[in-house]
Amino acid sequence: MKSTLHIVLLVLTAFVSIVPPTWARIYIDINAPSISKFKVAVADFHNLGRAHEQPELSRKFADVISHDLDLSGYFSPIDRKAFLEDKDEGITLEAINFKNWSVIGAELLVKGGYTVIGNHVEVVARLFDTYRGKQIMGKRFLGRITSYRWLAHRLSNEIIRMLTGQDSMFLTRLGYVDTTTGHKEIRVSDYDGYNSRAITSDGSIALSPRFSPDGTRILYTSYKDGRPKLYLRDLRSGVCRVLSQRKGLNIGAAWTPDGKGVALTLSIKGNPDIFLIDLNGRILKRLTSNWGIDVSPSFSPDGKKMAFVSNRSGSPQIYVKTLENGHSRRLTFDGNYNTSPSWSRLNRIVYTSMNHGSFDIFTIDPGGGEPRQLTEGAGNNEDPCWSPDGKYIVFSSNRLGRYHLYIMTANGQNQRRISSGKGEQTAPSWGPAIP
Amino acid sequence: MRHKTNLVMMVMALLVACAFVMSSCAKKQVKVSKGAQPAVQQPTAPAGGEGQQPTAAPKKVEAGVTPEYQKAEAERQARLKELAAKQKLLDEIREFENEKIYFDFDKSDLKPEARAVLRKKADWLLKHPEYSVRIEGNCDERGTNEYNLALGQRRADSAKKFLVTLGVDEARISTISYGEERPADPRHNEEAWAKNRRDEFKLIK
């Protein structure tokens, strides 16, 4: 582990010349076959204000950051029970006894403090390299006490940005179907399943939520009027309107990458086919016309191609259509049930496949090739969806008996359950961070 | 002790009285076709209707029946017939709606048994043009939600097409897919899945 960090630091020194002012850019290649996780210790935050004010934040900030770092897949947080920290050890470079941290194996150390001001809190966090005894990051944020998780996510994001040069997923959100009320309703939560709120409360069947590329709107199908219509809801104003209510199906929508169009399955021609409509609901183009079922469109990042599911060969398989010339090519050939394609920003397609009677998640190159299996021997694993940056996958699994949401890295590592609640959670959509 | 004896005697008297009333009722009640409602009108009541006092002293009928009686009896028979017909229709509707058709996994083509059921339904619909039918396509829980919604639609449409080829007006048939959202059997096994891959039929007047 020690050597890993040193190698990374070596790489980093190589980068110094390219990226002059911010020296601390560590390049972590998440597409490397395997990643050695950094051992990180996140110490309880110090209350820098008056002692009686919000003492529980001390533990909460540390817990959220530690959880974030764990979910990122880059780190292995050390249990605080192993800490040798002197209770009064400060949070500045001079005050820290780095030996106490390096001896328990911590390569990186996060320390921080907070000051409560009315219903707000100011929080500061610092990241240290324990072996070199150096501070590599320091950040301060102010926000409402009730938004402490968001403040902690922002600090975690700064840590990841410092180490990888890119933003993390910590400020992104999930939309999903939840059955807690006994009906199927759409909910939206933070990326880690916390702070969930109801988007629909129709007491009906709501399905297939899809965040717009800018994260401000969400599409879904609902039976609230007795049959499946496509709805578009503005998440800020809460205003909702019907986008498509044609006879038969109005399901499985996908945004075009520019957010100006929506592909969905309609059955107006007597057979489920994919059509492109604009945000006024007008049909712009018919994208598939085939005797079989065509569903679940997902666009390539440049919007020039579309992955979708068709049973034209006799069983549901994934196809890729080049929109310019209309040519469709079959992508999956293993097994007789491959569905739910999601095309990542990093140009990889994730899908679910029936494998010996249960469903597992696979990825494949959009140009073809060998599929890579990411889940195995753990119940059914379905509805995969990429994080906006294409580095993580959220999916639903019934590995613990009922369906809940899980996230994992693009190569299937670090599978973690993120949703809680009495009901089942399925059909996740991953929306971007809202600026 | 004495109180108890009195009580027993009272109960017995009541039972005898009841038995008498019931038997006299039973005599008056003409056989009603099974399941139908009991007659609303008493056959001996004059046609004048309920609550009306006889205008004169009741006429003594020696033999045979009065025209009033005959009229009342005819009306009663007509009413009974109507009720029986209504009941028969209700039974038919119940049977129509209870009889589902089933599909194989990931299939929307009609099996021979399904065709037989649909032929019966087509006959019925042709005899009852005042009814429309709504076909609801359903799937088992396995597989992807969206694909199952499309598959459910295809299952409903398969049944619709067949009914149309049997002469039922297309305008009388609507379809909807519930995908895997409305299982008939909520269990997670082969038996439940087989029951859930189905079309249901709802009659609408």
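## Two helices in chain A

At what angle do helix α2 and helix α4 of chain A pack, and how far apart are their axes? In this predicted model, α2 (residues 57–72) and α4 (residues 148–164) of chain A pack at an angle of about 45°, and their axes are 9 Å apart. Angles from 35 to 65 degrees count as oblique, so α2(A) and α4(A) are oblique to each other. Their crossing is right-handed.

You can look for the residues that make this contact. From α2(A) come Leu57(A), Lys60(A), Phe61(A), Val64(A), Ile65(A), Asp68(A), Leu69(A) and Ser72(A). On the side of α4(A), the residues include Tyr148(A), Arg149(A), Leu151(A), Ala152(A) and His153(A), and further along Leu155(A), Ser156(A), Ile159(A) and Ile160(A).

## A buried asparagine in chain A

Now to a single residue. Asn381(A) sits in strand β26 of chain A, which covers residues 381–386. Is Asn381(A) buried or exposed? Its relative accessible area is 0%, and a residue under 20% counts as buried, so Asn381(A) is buried.

Asn381(A) has a polar partner: its side chain and that of Arg399(A) are joined by a polar contact of 2.8 Å. Setting aside neighbours within four places in sequence, Asn381(A) is also in contact with several other residues, among them Thr352(A), Phe359(A), Asp360(A), Ile361(A) and Thr375(A). Phe395(A), Ser396(A) and Ser397(A) belong to that list of contacts too.

## Chain B as a whole

Let's turn to chain B, which has five helices and four strands. Follow the sequence and you meet them in the pattern α-α-β-α-β-α-β-α-β. Of the 205 residues in chain B, 35% are buried.

Take the contacts in chain B between residues at least 6 apart in sequence: 76% of them join residues at least 24 apart. The accessible surface of chain B comes to about 13300 Å², and carbon and sulfur atoms account for 59% of it.

## Helix α3 of chain B and its partners

Helix α3 (residues 112–127) of chain B packs with helix α2 (residues 67–98) of chain B at an angle of about 145°, and the axes are 11 Å apart. This crossing is left-handed. Leu89(B), Glu92(B), Ile93(B), Glu95(B) and Phe96(B) of α2(B) meet Lys120(B), Lys121(B), Trp124(B) and Leu125(B) of α3(B).

Helix α3(B) also meets helix α4 (residues 145–165) of chain B: the axes come within 9 Å and cross at roughly 55°. The two helices are therefore oblique to each other, and their crossing is right-handed. On α3(B), the contact is made by Arg115(B), Leu118(B), Arg119(B), Lys121(B), Ala122(B) and Leu125(B), while α4(B) contributes Ala159(B), Phe162(B) and Leu163(B). Notice that Lys121(B) and Leu125(B) take part here and in the contact with α2(B).

## A buried arginine in chain B

Which strand holds Arg198(B)? It is strand β4 (residues 198–204) of chain B. With a relative accessible area of 3%, Arg198(B) is buried. Its side chain reaches the backbone oxygen of Arg182(B) at 2.7 Å.

Arg198(B) touches residues from several parts of the sequence, not counting those up to four places away: among them are Lys100(B), Ile101(B), Tyr102(B), Phe103(B), Glu136(B), Gly137(B), Asn138(B), Pro183(B) and Ala184(B). Arg198(B) and Asp104(B) are 94 residues apart in sequence, and their C-alpha atoms are 9.1 Å apart in space.

Conventions
Residues are numbered from 1 along each chain as its sequence is written. Chains are lettered from A and ligands numbered from 1 in the order in which they are written. This is a predicted model: local features need pLDDT of at least 70, side-chain atom pairs count only at pLDDT 80 or more; totals for chains, interfaces and linings use all residues. Side-chain values use heavy atoms; hydrogens and water are left out. Buried means under 20% relative accessible area, exposed over 50%, partly exposed in between (1.4 Å probe, protein chains only). Contact means heavy atoms within 4.5 Å. Accessible areas come from the Shrake-Rupley method with a 1.4 Å probe; for residues, only the protein chains shown count as cover. A polar contact is a pair of N or O atoms within 3.5 Å; within protein, one must be able to donate a hydrogen and the other to accept it, and residues adjacent in sequence count only if both atoms are side-chain atoms. Axes are lines fitted to C-alpha atoms, for helices over the stretch in contact, and angles run from 0 to 180 degrees between N-to-C directions. Angles under 35 degrees count as roughly parallel, over 145 as roughly antiparallel, 65 to 115 as roughly perpendicular and the rest as oblique. A crossing is left-handed if the near helix is turned anticlockwise from the far one by less than a right angle, and right-handed if clockwise.
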